[in-house]
Amino acid sequence: MGFKCGIVGLPNVGKSTLFNALTATAAAEAANFPFCTIEPNVGRVGVPDPRLDKIAEIGGSKQIIPTQLEFVDIAGLVRGASKGEGLGNQFLANIRETDAIIKVVRCFEDENVTHVEGGVDPIRDAETIETELMLADMESLEKRVTSLTKKARGGDKVAKTQLELVERTLKVLEDGKPARTVEVSEDERKAFEMLQLLTSKPILYVCNVDEDSAATGNALSDKVAEMAAAQGARSVVISAKIEEEVSQLDSDEEKREFLETLGLEETGLARVIREGYALLGLITFFTVGPKEARAWTVHKNAKAPQAAGVIHTDFERGFIKAETIAYDDFVALGGEHACKEAGKMRQEGRDYLVKDGDIFTFRFNV
């Protein structure tokens, strides 16, 4: 289990360059004209995690399998997309299918790269995207009101509850606020999620800066970070150009040396993934053996049977117990056998909450 992030932004902000770099492919043509991405390109990448390499080394695993992250590069949005301008309708349909939205905003000046709005202003660009998504959400909800009203008048209690939720959400959108700011009770959560609202998705702002600003950011990216913090969102500074160059290097050593010359400790991909995980509340657990060491993803507060189900539905259905070792204990003591001997392998039941870095062996019976 990973998660799917839609990469969105105005034309010519570096979306496709970023996508190509993140997935190390040339699947999305990066060109200096609007709408060079017509179909949404999908790329799956392994999530880098040094812990996985370490437990594979200790466990003598022949194969290392990271958990997967999916990026969807979606056609550039323009003002009026909610009314079908540009490739608006297709854009909105594609973005509904994602778990989170990565908003790429241009934070660099380059006279050779045109800007669809005529000048560089990442705050304006971000607001343009948000406005179009809110307008699309309003239109979607308004279409539901008539049907729900009829059902509610006919005594349908479920429709009455849904209508109240829709009207409350519409009010928030009409006040110029995204759907993610709507106060939703735990009982309403499922119904709210079924509305599939674009502005209810968590946001990660990616500030695409020039190469000289990759390590520290610049005045434009600082403004975006301030805006993100005020919204309760997250932001990352990267240089898509640097990411593109790094992705073309063959060895990890070459990549590390190249990054060091630029004053960078890690790739933008690593930062995007880390922030994305935090954004969606995801954690990683591991399985390890002679054949393979593997990373898996679950949401925070997932219980042991749910983690087992990520591997195979039979594991969850017939769950008996989870033999659990903390990552730090596994590394410090040198493997499973030593952890058993030291009493560091625990027997956990159905109510155990998975912790980031847990190493599991599941016992089940179907």
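**Close-up 1. Gln196 sits in the loop between α6 (189-194) and β6 (203-209).** Helices here are DSSP runs of H or I with at least four residues, strands are runs of E with at least two, and both are numbered from the N terminus. This is a predicted model, in which local features need pLDDT of at least 70 and side-chain atom pairs count only at pLDDT 80 or more, while totals for chains, interfaces and linings use all residues. Residues are numbered from 1 along each chain as its sequence is written, and side-chain values use heavy atoms, with hydrogens and water left out. What is the phi of Gln196 near? Phi is near 50 degrees, a positive value in a residue other than glycine. Gln196 counts as partly exposed because its relative accessibility is 45%; buried means under 20% relative accessible area, exposed means over 50%, and partly exposed falls in between (1.4 Å probe, protein chains only).

**Close-up 2. Asn301 is another non-glycine residue with a positive phi, this time about 75 degrees.** Look for Asn301 in the loop between β9 and α11 (304-311). With a relative accessible area of 61%, Asn301 is exposed.

**Close-up 3. Thr297 pairs up with Thr67 through a side-chain polar contact of 2.8 Å.** A polar contact is a pair of N or O atoms within 3.5 Å; within protein, one atom must be able to donate a hydrogen and the other to accept it, and residues adjacent in sequence count only if both atoms are side-chain atoms. Thr297 belongs to strand β9 (residues 292-299). Is Thr297 buried or exposed? Thr297 is buried, since its relative accessible area is 0%.

**Close-up 4. Glu323 reaches the side chain of Arg363 with its own side chain, in a polar contact of 3.2 Å.** Strand β10 (residues 319-325) is home to Glu323. Glu323 has 10% relative accessibility, so it counts as buried.

**Close-up 5. Arg51 and Asp356 meet through their side chains in a salt bridge (3.0 Å, N to O).** This pair links distant parts of the chain, 305 residues apart: Arg51 is in helix α2 (residues 50-59), and Asp356 is in the loop between β11 (346-348) and β12 (359-364). A salt bridge is called when a side-chain nitrogen of Lys or Arg lies within 4 Å of a carboxyl oxygen of Asp or Glu. As background, side chains of opposite charge can pair when their charged atoms come close. Arg51 counts as buried because its relative accessibility is 18%, whereas Asp356 is partly exposed, with a relative accessible area of 45%. How many salt bridges does the structure hold? The structure holds 20.

**Close-up 6. Arg124 forms a salt bridge with Asp125, and their closest N and O atoms are 3.0 Å apart.** Arg124 counts as partly exposed at 22% relative accessibility. Asp125, at 2%, counts as buried.

**Close-up 7. Glu266 and Arg274 form a salt bridge, with 2.8 Å between the closest N and O atoms.** Glu266 is partly exposed, with a relative accessible area of 25%. Arg274 also counts as partly exposed, at 44% relative accessibility. For a network, look to Lys4, Arg44 and Glu70, which are joined into one by salt bridges that share partners.

**Close-up 8. Asp250, Glu253, Glu254, Glu257 and Glu260 form a negative surface patch.** Patches are made of residues with over 30% relative accessible area and no salt bridge; like charges are joined within 9 Å, and nonpolar side chains (Val, Leu, Ile, Met, Phe, Trp, Tyr) within 5 Å. One member, Asp250, lies in the loop between α8 (240-247) and α9 (252-261). Asp250 counts as exposed because its relative accessibility is 73%.

**Close-up 9. Thr23 and Phe71 are 8.0 Å apart in space, C-alpha to C-alpha, with their positions 48 residues apart in sequence.** Thr23 is part of helix α1 (residues 15-23). At 10% relative accessibility, Thr23 counts as buried.

**Close-up 10. Val158 and Ala191 are 33 residues apart along the chain, and their C-alpha atoms are separated by 9.9 Å.** Helix α5 (residues 157-174) is where Val158 is found. Val158 is exposed, with a relative accessible area of 55%.

Note on methods:
Areas by Shrake-Rupley, 256 points an atom, 1.4 Å probe, with all protein chains shown as cover. Lys, Arg positive; Asp, Glu negative; His and termini not counted. Charge placed at Lys NZ, Arg CZ, Asp CG, Glu CD.
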